[in-house]
Structure formats: C-alpha cells, structure tokens
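Biologist: I'd like to learn how to read a fold like a modeller does. Could you walk me through one, feature by feature?

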Amino acid sequence: MDLRDIEAYLRNFLARVIGAPIVSAPTELPVGSAVAGVLSLQSREAGKAVGGMRAVYQLELLASDAMPDAERRKLYETLASQIIRTELAAERDWLPMLDYQVFLEELNSERLRVRLEVEWDAD
C-alpha cells in the first residue's frame with residue numbers, strides 16, 4: 001500500500017466514524033450535504049522512528065448554513081467528541097501507524113477544525 005492509498009483509507013475511516021463524506025479538496029465537497037469534511041495534508045517529514053514518516057493533517061468539517069447556529073455548534077461538539085474518542089489504533093491492521101495524536105483546533109458555530117498527527121511506518 002502506498003501513502004496515497006493509506007491516506008484514502010484514513011479519509012474513509014474518518015467518514016465512517018462521523019457519518020459524513022470527507023473529501024481531499026474543497027472543490028470535491030458534495031452539494032446538498034448537511035455536513036461534509038475536508039481532510040488535507042499540512043506537512044510530511046521524517047518521523048521519530050527509523051523508517052517512519054510524520055504527517056500532519058487538518059480535518060475541517062462544515063455544516064449547512066440552513067442549520068441554526070446553536071444546532072450546528074451542538075453537532076460540531078458531538079462530531080469533535082466522536083473524532084477525539086475514536087481509536088485509530090484499532091485500524092492498525094489496515095493503517096501502518098506507529099503513533100497518532102488528535103488535537104481540537106477550532107470549534108464554533110461556523111466550523112470544526114481538528115489536527116491529526118500520524119507517525120506512519122514507511123516500510
């Protein structure tokens with residue numbers, strides 16, 4: 001499996017966790033979706049482990065403007081909880097991870113932004 005395949009699997013896994021489509025570019029966002037997300041690569045660098053690669057991703061979730069602000073914020077709080085509590089480690093059969101961390105960057109009535117730092121096993 002190459003890194004693109006692994007990142008596509010990560011995107012699909014997160015979409016299943018939150019129950020909303022996640023794409024790799026804002027231009028791919030589905031029209032008419034109540035909630036959708038964009039998972040974008042922020043950086044890649046040599047990892048701490050020999051042969052490892054550290055990648056930082058940003059996951060931004062956007063909900064429909066038709067939803068009232070209070071309802072949208074509550075939805076974002078629920079989704080943030082699901083993402084932070086999810087055990088990516090359970091997917092190690094499919095994802096060659098050495099380590100990962102999830103950070104909440106922004107949560108308000110307009111958007112939810114989460115940073116994922118993953119140490120991939122490059123071998």
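Biologist: Let's start with the largest pocket: by class, how many nonpolar, polar and charged residues does its lining have?

Modeller: Keep in mind that this is a predicted model. As for the general idea, rolling a probe the size of a water molecule over the atoms shows where empty space is left. Here the lining of the largest pocket has five charged residues, four nonpolar ones and one polar one. The volume of that pocket comes to about 170 Å³.

Biologist: Which residues lie nearest the centre of the largest pocket?

Modeller: Those are Lys48, Arg54, Asp99, Gln101 and Glu119, out of 10 lining residues. If you go by element, strand 4 (97-107) and strand 5 (112-121) each supply at least two residues of the lining. Strand 4 gives the most, with four residues.

Biologist: Those two strands keep coming up. What is the order of the strands in the sheet?

Modeller: In a regular strand the side chains alternate between the two faces of the sheet. Now the case at hand: five strands make an open sheet in the order 1-2-3-5-4, and the pairing is mixed. At the edges sit strand 1 (22-23) and strand 4, each of which pairs on one side only.

Biologist: Which strands pair in the parallel sense, and which run antiparallel?

Modeller: Strand 1 and strand 2 pair in the parallel sense, over two bridges. There you can find isoleucine 22 opposite glycine 37 in strand 2. Strand 2 and strand 3 run antiparallel, joined by 11 bridges, and serine 40 stands opposite glutamine 58 in strand 3. Strand 4 and strand 5 also run antiparallel, with nine bridges between them. For a register check on that pair, look at phenylalanine 103, which stands opposite arginine 115 in strand 5.

Biologist: How many residues does the hairpin between strand 4 and strand 5 run through?

Modeller: Four residues; the hairpin joins strand 4 to strand 5 through them.

Biologist: On to the interior. Which residues have the most contacts inside the largest nonpolar core?

Modeller: In soluble globular proteins, nonpolar side chains tend to be buried together. In this model the largest nonpolar core has 31 residues, and Leu59 and Trp120 have the most contacts inside it. Helix 1 (3-18), strand 2 (35-46), strand 3 (52-63), helix 2, strand 4 and strand 5 each supply at least two residues of this core. Helix 1 gives the most, with seven residues.

Biologist: What is tryptophan 120 in contact with, leaving aside its neighbours within four places in sequence?

Modeller: Among its contacts are Leu3, Ile6 and Leu10, plus Tyr57, Pro96 and Leu98. The list also includes Gly51, Gly52 and Met53.

Biologist: One last residue, isoleucine 84. Where does it lie, and why is it called partly exposed?

Modeller: Isoleucine 84 lies in helix 2 (residues 69-85). Its relative accessible area is 42%, so it counts as partly exposed, between the 20% cut-off for buried and the 50% one for exposed. Not counting residues up to four places away in sequence, isoleucine 84 touches Val102 and Leu104. Serine 109 is 25 residues from isoleucine 84 in sequence, and the C-alpha to C-alpha separation is 18 Å.

How values were computed: Residues numbered from 1 in each chain as written. Predicted model: local features only at pLDDT ≥ 70, side-chain atom pairs only at ≥ 80, totals over all residues. Heavy atoms only, no water. Buried < 20%, exposed > 50% of the residue type's maximum accessible area, 1.4 Å probe, protein only. Contact = heavy atoms within 4.5 Å. 1 Å grid on protein atoms, 1.4 Å probe; cavity = no way out; pocket = protein on both sides within 12 Å on 5 of 7 lines; lining within 4 Å. Points joined across faces, edges and corners; volume = space filled by probe spheres on them. Nonpolar A, V, L, I, M, F, W, Y, C, P; charged D, E, K, R; others polar. Core = buried A, V, L, I, M, F, W, Y, C linked by side-chain atoms within 4.5 Å. Pairing = 2+ DSSP bridges.
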